[in-house]
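Biologist: Please take a close look at a single part of this model. Start from one side-chain contact, then work outward to whatever surrounds it.

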Amino acid sequence: MQGTYRYPDSSEYTGEWNEDGQRHGFGQLIFNDQAKYRGRFENGLFAGLGSISYPDGSKYDGEFSQGRYHGLGVFTRCDGMKYEGQLQEGKIFGLGLLTFADGSHGLPRNEGYFENNKLVRREKCTDIIRKAIACAERAKSQHT
């Protein structure tokens, strides 16, 4: 079923619900701080493709699981720093590329395998970066 609900903290959800009254399917959640998520929900949590934007200008477009960044995506920080690649349980984890606000990638290039938000091994990962960008574009282009 479709519907809109305003929570006691003034956040608001508009979208699909399951029989248990949980956000489930496609929807949009606007938080009380004006952060906004638009995408898929599963049993109340962000799941599958989605996009989230924060009041400071930071944003993430890509895959989610259990309410966290998980899979492929692009995270852009409010200062313009960007990560394109794999994420796991809300952290930069896997293959990807870090781009600084000035458009550079660092010397040597910050491309390779990341664990817990840190580059641990440099390697080319052009295919993963391309897939992450494509995934982010699909997340941004979702419609109800």
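Modeller: Start with the side chains of Ser-11 and Asp-9. A polar contact of 2.6 Å joins them. This is a predicted model, so every value here is computed from predicted coordinates. Ser-11 is found in the loop between strand 1 (2-6) and strand 2 (12-17). Is Ser-11 buried or exposed? Its relative accessibility is 6%, and the cut-off for buried is under 20%, so Ser-11 counts as buried.

Which residues does Ser-11 meet beyond its neighbours within four places in sequence? Tyr-5 and Arg-6 are in contact with Ser-11, and so are Ile-30, Phe-31 and Asn-32.

Now the hairpin. Strand 1 and strand 2 form it, with 5 residues between them. In the turn, Ser-10 has a positive phi of about 80°. The two strands run antiparallel, and 5 bridges join them. Arg-6 stands opposite Glu-12 in strand 2. Strand 1 has 5 residues, and the number buried is 0, so strand 1 lies largely in the open. Ser-11, in the loop that follows strand 1, is buried all the same at 6%.

Follow strand 2 inward. It supplies at least two residues of the largest nonpolar core, as do strand 4 (36-42), strand 5 (45-53), strand 6 (59-65), strand 8 (82-88) and strand 9 (91-99). That core has 16 residues. Which of them touch the most other members? They are Phe-46, Ile-52 and Phe-64.

Take Ile-52. Residues up to four places away in sequence are not counted here. Ile-52 touches Phe-31, Lys-36, Tyr-37, Phe-46, Ser-58, Lys-59, Tyr-60, Phe-64 and Tyr-69. Phe-31 is a contact of Ser-11 too. Phe-31 therefore touches both Ser-11 and Ile-52. A second, separate core has 9 residues, among them Leu-72, Ile-128, Ala-132 and Cys-135.

Next, the rings. The count comes to 15 aromatic pairs. One of them is formed by Phe-46 and Phe-64. Their centres are 5.5 Å apart, with 85° between the planes, and the pair is edge-to-face. Phe-46 lies in strand 5 and Phe-64 in strand 6, so the pair ties together parts that are 18 residues apart in sequence. Both rings belong to buried residues: Phe-46 has a relative accessible area of 10%, and Phe-64 is at 4% relative accessibility.

Ring pairs also build a cluster. Tyr-13, Trp-17, Phe-31, Tyr-37, Phe-41, Phe-46, Tyr-60, Phe-64, Tyr-69 and Phe-75 are linked in it. Phe-31, the contact of Ser-11, is one of the members. At Tyr-13 there is a charge as well. The charged end of Arg-23 sits over the Tyr-13 ring, 5.9 Å from its centre.

Arg-23 leads on to Asn-43. Beyond residues up to four places away in sequence, Asn-43 touches Arg-23 along with Asn-18, Gln-22 and His-24. Asn-43 is placed in the loop between strand 4 and strand 5. It is partly exposed, with a relative accessible area of 42%.

Its partner Asn-18 is found in the loop between strand 2 and strand 3 (23-30). At 9% relative accessibility, Asn-18 counts as buried. A polar atom of the Asn-18 side chain lies 3.0 Å from the backbone nitrogen of Asp-20. Again leaving out residues up to four places away in sequence, Asn-18 touches Met-1, His-24 and Asn-43. His-24 thus appears in the contacts of both Asn-43 and Asn-18.

Last, some backbone points away from this start. Most residues other than glycine have a negative phi, and most peptide bonds are trans. Ser-10 has company among the positive values. Gln-66 has phi near 50°, lies in the loop between strand 6 and strand 7 (68-76), and is exposed at 58%. Asn-117 has phi near 70°. It sits in the loop between strand 10 and strand 11 (118-122), partly exposed at 46%. From Asn-43 to Asn-117 is 28 Å, C-alpha to C-alpha, with their positions 74 residues apart in sequence. Finally, a cis peptide bond joins Leu-107 and Pro-108, with omega about -5°. Pro-108 is in the loop between strand 9 and strand 10 (111-115).

Methods: Residues are numbered from 1 along each chain as its sequence is written. Side-chain values use heavy atoms; hydrogens and water are left out. Helices (H or I, at least four residues) and strands (E, at least two) are DSSP runs, numbered from the N terminus. Buried means under 20% relative accessible area, exposed over 50%, partly exposed in between (1.4 Å probe, protein chains only). A polar contact is a pair of N or O atoms within 3.5 Å; within protein, one must be able to donate a hydrogen and the other to accept it, and residues adjacent in sequence count only if both atoms are side-chain atoms. Contact means heavy atoms within 4.5 Å. Two strands pair if DSSP finds at least two bridges between them. A nonpolar core is a set of buried Ala, Val, Leu, Ile, Met, Phe, Trp, Tyr and Cys residues joined through side-chain atoms within 4.5 Å. Rings of Phe, Tyr and Trp (its six-membered ring) pair if their centres lie within 6.5 Å; planes under 30 degrees apart count as stacked, over 60 as edge-to-face and the rest as tilted. A charge sits over a ring if NZ of Lys or CZ of Arg is within 6 Å of the ring centre and within 35 degrees of the ring normal.
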